[in-house]
Amino acid sequence: MKIPFLDKWRRGRPTEAGEGLAAAFEEDPEGVAGLFSECELLRSQAAGAGLELDDSATSLAALDQLLPRWRDDPELLPWLGNDAGLYLGTVIVRNVPGAAWHVWPAGQPVVRLGSGREIHVVEAGLDWAVNGSPELYRMYAEASEA
C-alpha cells in the first residue's frame, strides 16, 4: 500500500514521537484514518471467535459479548486494547454525523464530535480490554446522542 505521508516522514523524522503522527495526520488525515481503521489484531481475534467486524454499531455490541480470553496474555492486552479503541473510533467516525478523527500534538488520537466534545477512544479501548468496561457499544451510543 502506498501511503504518501510515510515517505516524507521517513526522510525527516521528528524528534518527538507524537509529532510524527500529528504531522502525518495534518498532511493526510484520510490516510492516517485508514491506518487507524485497520485494527488487525482485534479483527483477527474477533474472526477467531467467529465475529466479522464490519465497522457497525452492531459489531461493537458483539465485541462486548466476547469472552475476554486475551486477558490471559499480558503482552497481548495493551495491543488489543489499542486496537479496540481505534476500532471504536472508526465506528463512531463512520456512523455518527459530524464525528472526525483528531490527533493532538503529542500524538494521541481522539474522536471529536460535532459538538466539540472529544472522546479518548484509545483509553476507552484499553479500559475495555482490561476491565470489560466501559462497554464499546455504550461509548458509541453516548457519542451518537451528543
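**Order of elements.** I walked the chain from the N terminus and wrote down α-α-α-α-α-α-β-β-β-α-α. That makes 8 helices and 3 strands. Note to self: this is a predicted model.

**Whole-protein numbers.** I looked up burial next: of the 146 residues, 41% are buried. The exposed surface comes to about 8,200 Å², with 51% of it supplied by carbon and sulfur atoms. For contacts between residues at least 6 apart in sequence, I noted that 57% join residues at least 24 apart.

**The core.** Which residues touch the most other members of the largest nonpolar core? I got Leu 63, Leu 88 and Ile 92, out of 41 residues in that core. I then listed the elements that give it two or more residues: α2 (17-27), α3 (29-36), α4, α5, α6 (77-95), β1 (100-103), α7 (121-131) and α8. The top contributor is α6, with 8 residues. A general reminder I put in the margin: nonpolar side chains in soluble globular proteins tend to be buried together.

I picked Leu 88 for a closer look. Setting aside neighbours within four places in sequence, I found Leu 88 in contact with Leu 60, Val 121, Ala 124, Leu 136, Met 139 and Tyr 140.

**Two tyrosines in α8.** Tyr 140 turned up in that list, and I followed it up. Helix α8 covers residues 136-145 and holds both Tyr 137 and Tyr 140, which are 3 residues apart, about one turn of the helix. I counted 3 aromatic pairs in the model. For Tyr 137 and Tyr 140 the ring centres are 6.2 Å apart and the planes sit at 40 degrees, so I logged the pair as tilted. Angles under 30 degrees would be stacked and those over 60 edge-to-face, so 40 falls in the tilted class.

Buried or exposed? Tyr 140 is buried, at 12% relative accessible area. Tyr 137 has 37%, so I put it down as partly exposed, the band between under 20% for buried and over 50% for exposed.

**The sheet.** I checked the strands next and found an open sheet of 3 strands in the order β1-β2-β3, paired antiparallel. The edge strands are β1 and β3 (118-119); each has a single partner strand, so one side of each lacks a neighbour in the sheet. Strand β2 (residues 109-112) is joined to β3 by 2 bridges. I pinned one of the partners down: Arg 112 bridges to Glu 118 in β3. Helix α6 packs on this sheet, touching β1, β2 and β3, and its direction makes about 135 degrees with that of β1.

**Gly 114.** Where does Gly 114 sit? I found it in the loop between β2 and β3. Gly 114 is exposed, with a relative accessible area of 61%. Not counting residues up to four places away in sequence, Gly 114 touches Gly 98 and Ala 99. I also took the C-alpha to C-alpha distance from Gly 114 to Ala 100: 8.0 Å, with the two positions 14 residues apart in sequence numbering.

**Asp 55.** Last entry. Asp 55 lies in the loop between α4 (40-48) and α5 (57-65). Is this loop residue buried or exposed? I have it at 14% relative accessibility, which counts as buried because the cut-off is under 20%. Leaving out residues up to four places away in sequence, I listed its contacts as Arg 43, Tyr 87, Thr 90, Val 91, Arg 94 and Asn 95.

Note on methods
Residues are numbered from 1 along each chain as its sequence is written. This is a predicted model: local features need pLDDT of at least 70, side-chain atom pairs count only at pLDDT 80 or more; totals for chains, interfaces and linings use all residues. Side-chain values use heavy atoms; hydrogens and water are left out. Rings of Phe, Tyr and Trp (its six-membered ring) pair if their centres lie within 6.5 Å; planes under 30 degrees apart count as stacked, over 60 as edge-to-face and the rest as tilted. Helices (H or I, at least four residues) and strands (E, at least two) are DSSP runs, numbered from the N terminus. Buried means under 20% relative accessible area, exposed over 50%, partly exposed in between (1.4 Å probe, protein chains only). Contact means heavy atoms within 4.5 Å. A nonpolar core is a set of buried Ala, Val, Leu, Ile, Met, Phe, Trp, Tyr and Cys residues joined through side-chain atoms within 4.5 Å. Two strands pair if DSSP finds at least two bridges between them. Axes are lines fitted to C-alpha atoms, for helices over the stretch in contact, and angles run from 0 to 180 degrees between N-to-C directions. Accessible areas come from the Shrake-Rupley method with a 1.4 Å probe; for residues, only the protein chains shown count as cover.
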